[in-house]
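Me: I want to know where the words in a structure description come from. Can we take them one by one?

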Amino acid sequence: MATDRHSHTEVSHEHPSAPSAGEVVEDLVAATGAGVTFRRVAYILGFLAVLGVVGVIGKAVTVGGDTTKWGYVAAVMAFLLTAGGGAPMVAIAPALAKANWVRPASRIAAMFSLIGIVTSLLLIPLLVLLPSLVVEETRRRSVWFEAPVYSPHVWGMMALVGLTVTGLALFYASALPDFAAMRDHSTGWRQRWGEKLSRGWRGTDVQWRSLRMRIGMFGTLYFLLLVFTHFLISTDFAMSMVPGWRDAIFPMYHSVSSLQAGIASVTLALWVARRYGGLERYLHLDQFWALGKLLFAFSLLWFYFFFSAFIVFWYGRANADIAFLDLLIRGPMVYGFATAFVLCFFAPWWLLIWNRLRVSVNGPAAVAVVVLFGLLVDRVRLYVPSWSVPGDRIHDSYLTDIPATIWPDAFDILTIIGAVSAAVLLMLLASRAVPAVSIWEVQQMNLLSRPVQFLRTHGVLVAKPD
Amino acid sequence: MQQRRDLSQTHTNRVLLNSQLNTPSWWLPTVILLGIVVIIGWVVIGFILNKGLGVTGLSRPVFWGLMIVTFVFWVGISHAGIMISAILRLTQAEWRRPVTRAAELLTVFSLLTALLFPLIHEGRPWRAYWYAPYDFARGIFPSVRSPLVWDPSAIGTYLTGSTLFLYVALLPDLGNLRDRTTGWQKVFYTMLALGWRGNPRQWKLQTIGGILLSALMLPIFVSVHSIVSWDFAVTTGVEGWHSTIFAPYFVIGAVHSGVSAVVTMMALMRWLWKWGDFIRPEHFDALARLLIVVATGWLGFTFLELIFALYTLEGPELALREMQIFSWPWNVWFIVFLLTGYFIPVPLWLFKKVRNNIAMMFWTSILVNIGMWLERFFIVVPGLARKTPFTFAWESYKPSPIEWFLLGWSVAWVSFLMLLFARFFPLVPLFEQKESQVFTTNVKIGRASVPAIIREQE
């Protein structure tokens, strides 16, 4: 067998615009410094987060245990789970598929697991308010069947905390080499911080093997926990609150839209880091292009999962089916549904199908904002009507009286703004504690990819080690 | 792990065109044997049409039996082509290259086979045109809202698209065959090659055509099995059918069985045509990794389907599930379904040795399809077999030997078509293989030699 002569020649060992290894460490460690603008933004977000706490306390004082008034708190909790919970998957799934583009984005994606802290805090009042499994000495419909009555409360919280802890473990495990870089290439508190958290990282073969194993292990566990958490939260905090709502696809719809929101969140965070964090040299079109494609695919999946449920209810026309449509689609939440439909599916579809927008840095980021807002509205249209169903109807076969639209009061608005601000604040603070773009992954990317002349055009030679 | 080998274009041509230019000695006896089974099958179909559906085991209230199960099964297998070819092409998975043609072919022949079963099942195939709502005024078939109209439309579109997809990808190889044959074969390939010369414009059009068709076929791919699932899911009257999860559950199950069928086929191709240089353990390894993810997703959907069936705690639904899981003989088949569909193959695939062992991959992929056929049986039949308030008679469904024969016949029929195709067209795309040689290389990183691939620059 003769060997074909390859028609490509290597131009140089490194990407012409790629910074050297030393520059990468210097730039990315230096980027953890906090400027005046950063501090101002952090103070504002901190203030808004405090307002959020005021909102929850105000709600508790004014409406007390009236569950019908807590829908917006449930919606914002579900939204944070959706957006924050799905984001680390952007670090996990493409890495498992050996995608090269994801390396500079993986740290920011993993950072989103911090949002789980806010989500867990918001879950506490909701757990207190969640109706018992036994109402008027009869068990209500739930996925818990004959399980102990405290099951949804205990398992819901355990799943969410487990998800958050696993996400943080993934975040920390993948940051070890960067803490070592901070230890070796900075001074003052950053050096001490790096020394403490790097746990003696020296970059030996054993340590690298162990790092890869941990990332794989935590990544897989995170995905399983993510699906499990969405299953519990969506069924216990929405579906089981509505008599007659039996929707097997709903937990998967919740999980898939979480992945959509996760992609949107990471895209937006990367755009902010690139625009305001001085990371233009590390966050390129490649990342935004790839995320744009994923966002496009998941926006179509949002529609598919929505439609798969919708057509069965619409076609079935049983009383419970009609009640479902009246409550969540064409009744009190008709405008919410229309907005969510446009922002989660229609707008991203028609915007991202356009090459000039998808293959750009700003395009996917702009669509990410649209999608995130759409998913917030989507969670509102699902959770607010579910919580608005009076507790004494819980044993009915289906909902006969559709509750009226519940508009947010001042405390709801404060809670939504405060919770989102607290989540953003945690992300900002984390970006000061560890480089927002992973140093070792950027080094690895520069090592594994190089430009080549291919026939009459230019390409990139990407090495794919096992 | 990529086990890249440097293969010359001459070697690639010689080995991959061996079926067309030098027919292997086993080919003719095998085709004759399968041909006999196929002819018997057509005679049996004729017998059913002549005598009526009474010769099958179908009876009140189970009017949908093995033929509908087999229809759903083959539609599921047909998802192999687009999954492997379109999705992996769009995601630039390099290992897809030797697999694509076989997967696309399996799609086309599975769909052709799938379409036969509802035609036989309806008993009067000469009235198949009634599926098309061609004349609303007659009042005979006025409703385009019927899932039974959506089915032929979706499958017809999928079949047309898949055939086109297969043909566009076949053009460069047809040009190759035209240039290497004489006589009637040259005329045959010349007509099919549509003037392919391999100039830059043709390559560009072929590439764009492939990408566009990949993107266009994806929604069809998803919609086909979703629509098949809605045949069941929009029916409120049958226990176990009216479930919102059916569409993605059917699609992911289809991908599971389709990709497994591709593994079976790849192993056969490697053994029969001795294509070890092209269909390598790395390809089985990659397919097995994909299958682990798909199968686990499918198991999750199975769990959700089951848990939300019980969710309402309604008596009939509970009784149905109790029958499926605990009553003889359903309980045995339920265990076989779970073991063959997931719990035997997937844990085995977790071991690299198994993933790289072609015989093990062959047998585990067969197991998956046994399990997936049983899954369809569990979806279609038990819900109908139970007595409901409006049925005046009921009995357990016992498929007749004729129905069992037709199930086996369908496998022989698809194999027969595949072998016929393989006599005239290459089963591994030559141009993809050659392109792969150009796009892949090894680079030295430190002390290691790492496989690498050339990608488009941003």
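Reply: Here is a set of questions about two chains, each answered from a definition.

Reply: First, the ground rules. This is a predicted model, where local features need pLDDT of at least 70, side-chain atom pairs count only at pLDDT 80 or more, and totals for chains, interfaces and linings use all residues. Residues are numbered from 1 along each chain as its sequence is written, while chains are lettered from A and ligands numbered from 1 in the order in which they are written.

Me: What makes something a helix or a strand in chain A, and how many are there?
Reply: Both are DSSP runs, numbered from the N terminus: H or I over at least four residues for a helix, E over at least two for a strand. By that count, chain A has 17 helices and five strands.

Me: Why is chain A called as compact as a globular protein of its length?
Reply: Take the radius of gyration over C-alpha atoms; the globule rule is 2.2 Å times the number of residues to the power 0.38. For 466 residues the rule gives 23 Å, and chain A has 24 Å, which is close, so the description fits. Along its principal axes, the C-alpha trace spans about 75 × 55 × 40 Å.

Me: What does the rule give for chain B?
Reply: A compact globule of 458 residues would come out near 23 Å, and chain B has 23 Å, so the two agree. Its C-alpha box is roughly 70 × 55 × 45 Å along the principal axes. Chain B has 18 helices and two strands.

Me: How do you know that helix 11 of chain A has the expected span?
Reply: The expected span is 1.5 Å times one less than the number of residues. Helix 11 (residues 285–316) has 32 residues, so it should span 46 Å; its end C-alpha atoms are 46 Å apart, which agrees. Just after this helix, Arg317(A) takes a positive phi of about 55 degrees.

Me: What makes a residue buried, and what share of each chain is?
Reply: Buried means 20 or more other C-beta atoms within 10 Å of its own; exposed means 12 or fewer, partly exposed is in between, and C-beta atoms are placed from the backbone. In chain A, 50% of the 466 residues count as buried. In chain B, 43% of the 458 do.

Me: What is called a nonpolar core here?
Reply: It is a set of buried Ala, Val, Leu, Ile, Met, Phe, Trp, Tyr and Cys residues joined through C-beta atoms within 7 Å. The largest has 258 residues, and Leu80(A), Val259(B) and Val262(B) have the most contacts inside it. Helix 10 (residues 246–273) of chain B gives the most, with 17 residues. A second, separate core has eight residues, including Val452(A) and Ala452(B).

Me: How do you know that the chains touch?
Reply: Two residues are in contact if their C-beta atoms, placed from the backbone, lie within 7 Å. By this test, 42 residues of chain B are in contact with 44 of chain A. Strand 2 of chain B supplies the largest share of its side, seven residues.

Me: Why is strand 2 of chain B said to pair with strand 5 of chain A?
Reply: Pairing takes at least two DSSP bridges. Five bridges join strand 5 (residues 457–463) of chain A to strand 2 of chain B, so they pair, and they run antiparallel. Ala463(A) has Ala452(B) as its bridge partner.

Me: Which strand of chain B also joins strand 2?
Reply: Strand 1 (residues 440–445) does, antiparallel, through six bridges; strand 2 covers residues 448–456. Thr441(B) stands opposite Ala452(B). The two strands form a hairpin with two residues between them, and Gly446(B) in the turn has a positive phi of about 65 degrees.
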